[in-house]
Each structure stands twice: as C-alpha cells, then as structure tokens.
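Please open the model in your viewer and keep the selection tool at hand. The stops below say what to select next and what is to be found there.

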Amino acid sequence: KSLENHTIGSGFILLGFSDHSSLQGLSFMVFLVIYLVVLLGNGLITIITVVDPSLHSPMYFFLRQLSFLEICYASITLPKMLVASLTEVGRISFLGCAAQLYFLVLVGSTESLLLTAMAYDRYVAICVPLHYTRIMSRGLCVGLVVGSWVAVIPVQAGQTYQVFTLPFCASHDLHHFFCDIPPLLELACADTFRNQVMLHIIIVLFAVLPFSLIVLSYTQVVREMQKMPSVLGRRKAFSTCSSHVLVVMLFYGSAMVVYFKQWPRGSADTDKYLALFYTVVTPIVNPFIYSLRNKEVRIALQRLLWR
C-alpha cells in the first residue's frame, strides 16, 4: 500500500538536459540523427553478416549479436529523450521507469558478457589457430550468446524488483535522462544499503569479472603476437583485435566510472554525460569502428550496396 501511494500514482520526472532548455530544438535534431544512424549503421552490420557468406564466421556471428544489442540499447533511451525534447516534459510512469531500467541493465549486462565471448574468440584465433574451427563451433557460439541472456535475465529481474519495492516519498525528479539505479536510490526514503550491496555484487559479476577475462585474453594475445616472426602477421592479428578493443574501452570505461566512483552531490551532470558514452556514443560508433577498420566488412558492404 505504501509503495502504491508513493510511486505508482505519480511516476518520475526525467530532468535529462532540461537545464539547457534553450537548446531543446537542437538537442532533438541531434538525438534524432544519432538514433537514425544507430539504426542504419547497426542494421547494415546485421544484414551483411547474415547475407554475405564470407562473414559467416564466429567473429561476425558475435558482431551481429553486438549490433543487435546496440540497437536495443539506443531504443531503450533515445525515443524517450526525443519525446522529452519535443514536449519539454520528461514524465515517465512508475511501471515505465521499472521496464526501462530492467531492459537497460539486461542489455548492458548481456553486452558485457558478449564482449567477453568476442575476446575469447580472438584469443582462440590468434593463440591456437590450428584448433580454431574445432573450438569455436557453431554450438559453442550459440551457447555463449544464449548463456549470456540466461545468466542475466533472473539476476537483473531480482535487482529491478528490489529497487522498485523501495518507497519513493521524496522528490520524484530524476537527475538523469533515463531511469538508472544510482539516481533512483537517491530518491528513496528508506535504507538502501542492501540495494547498494546488490548493485556492487552485480557489477563485479557482470562488469569487473568479464573485463578481467577480456584483459587476460588480450594479455595472452599480445604475448603470442610478440612471438610472430612476420611484421605482416603481427599487423593482421592486431587489426582483427583493434576494433573490439576500442568498443571495450568505450563501453567499460564510462560505465565503470559511473557505477564505481561515488560522485559528490551536485555532480549529477557528470554521470549523465558519462552515461551518454555507453548508451549513445558506443552504439553509434560501433558500426563505424567495425566498417572503417575491417577490410572484410567494407568489402561485404560494397557488395551489398552494389546489388
């Protein structure tokens, strides 16, 4: 009953970038272009990795899943931002906020595990190339993707339930452009210690541990590259890893700062701008990184456009 009185009736106000109200029209156009580029760029990556036989390999299978997740990521946040820019009112219902948070942390955690699977794929390709086809079988690739979703769904459902069973009896103004856990916990008028502990456990499981495995994989890759006698071989190995490394740096760099560093009050803007990196910037640069730095993708894209 208390939960119903304090939350469901009123919902939340996403303040977003309302402090720059004079730029609302410009921000609408910018975010609209960004959203269209995200859909077009990642959509093209998805299509060419399906229709072009030369891209039917584990690396591009994972890239297709990553592009799908990037589309999901942007679709969870950007449409609401566009509406808020037009109406200048970022109101979101209680259930809408809960759904947005759940799908955001679900996609984010799944992407973290997928990036780890992509790092393992590069490790096998460079460190044990003779056994690559046997190890990176179709069954293993599908299992890694499905396993990522299966591992994340119940955990993030539990975390979302834990957050939204808190009483929100103070201000309902969220200093963010989407429903996220840290700003929501600031609005709760109850002890959030258990939520903080749960949040940090999940960060360790779905961010720190996967990132550590990625670093370990690339440590082995670098060692193997140093043993290569051919400069051309080293360059080719580096080129197949560099795109993934750039995406990892963008995604983990900003996300870990937001969730681990305890910003003092009054610096909510810092969190918002950092959050733009892993919710907006990474989805938009992903297709450019993989198309501009990957010869096979460029050739496949040219073939598709020529048709």
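Two salt bridges are counted in this predicted model, and they make a convenient start for the tour. Begin by selecting Asp52 and Arg303, whose side chains meet in a salt bridge with an N to O distance of 2.9 Å. Asp52 sits in the loop between helix 2 (24-51) and helix 3, while Arg303 belongs to helix 11 (residues 295-306), so this pair ties together parts that are 251 residues apart in sequence. Colouring the two partners by accessibility shows Asp52 as buried, because its relative accessibility is 4% and the limit for buried is under 20%, whereas Arg303, at 35% relative accessibility, counts as partly exposed.

Next, select Asp121 and Arg122, which form a salt bridge in which the closest N and O atoms are 2.9 Å apart. Side chains of opposite charge can pair when their charged atoms come close. Asp121 is buried, with a relative accessible area of 1%, and Arg122 also counts as buried, at 7% relative accessibility.

Keep Asp121 and Arg122 selected, since both take part in the lining of the second largest cavity, and add the other lining residues, which are Met59, Phe62, Met118, Thr240, His244 and Tyr290. Which elements give two or more residues to this lining? They are helix 3 (58-87), helix 4 (94-127) and helix 9 (231-260), and of the elements it is helix 4 that gives the most, with three residues. The volume of this second largest cavity is about 50 Å³, and the model has two cavities of 30 Å³ or more by the rule used here. If you colour the lining by class, you should find four nonpolar, two polar and two charged residues.

From the cavity, turn to the second largest pocket, which holds about 480 Å³ of space. Its lining is made up of 18 residues, and those closest to the centre of the pocket are Arg122, Lys236, Ser239, Thr240 and Glu296, so a selection of these five is a good way to place the view. Arg122 and Thr240 are already familiar from the lining of the second largest cavity. Helix 3, helix 4, helix 9 and helix 11 each give two or more residues to the lining of the pocket, and the largest share, five residues, comes from helix 9. Sorted by class, the pocket lining has seven nonpolar, six polar and five charged residues.

The next stop is helix 8, which covers residues 193-227. Select Val221, which is found in this helix, and then ask whether Val221 is buried or exposed. Val221 is buried, with a relative accessible area of 1%. Now add Val124 to the selection and draw a distance between the two C-alpha atoms: Val221 and Val124 are 97 residues apart along the chain, yet these atoms are separated by 8.8 Å.

Finally, stay with helix 8 and select Phe193, which is placed in that helix. Phe193 is exposed, with a relative accessible area of 55%, whereas Val221 is buried. Extend the selection from Phe193 to Val197, Ile201 and Leu205, and switch on the surface, where these four residues make a nonpolar patch of about 370 Å².

Key. Residues are numbered from 1 along each chain as its sequence is written. This is a predicted model: local features need pLDDT of at least 70, side-chain atom pairs count only at pLDDT 80 or more; totals for chains, interfaces and linings use all residues. Side-chain values use heavy atoms; hydrogens and water are left out. Patches are made of residues with over 30% relative accessible area and no salt bridge: like charges are joined within 9 Å, nonpolar side chains (Val, Leu, Ile, Met, Phe, Trp, Tyr) within 5 Å. Accessible areas come from the Shrake-Rupley method with a 1.4 Å probe; for residues, only the protein chains shown count as cover. Helices (H or I, at least four residues) and strands (E, at least two) are DSSP runs, numbered from the N terminus. Buried means under 20% relative accessible area, exposed over 50%, partly exposed in between (1.4 Å probe, protein chains only). On a 1 Å grid over the protein atoms alone, a cavity is a set of points where a 1.4 Å probe fits but cannot get out, and a pocket is an open set with protein on both sides within 12 Å along at least five of seven lines; lining residues have an atom within 4 Å of a point. Grid points are joined across faces, edges and corners, and a volume is the space filled by probe spheres set on the points. Ala, Val, Leu, Ile, Met, Phe, Trp, Tyr, Cys and Pro count as nonpolar, Asp, Glu, Lys and Arg as charged, and the others, Gly among them, as polar.
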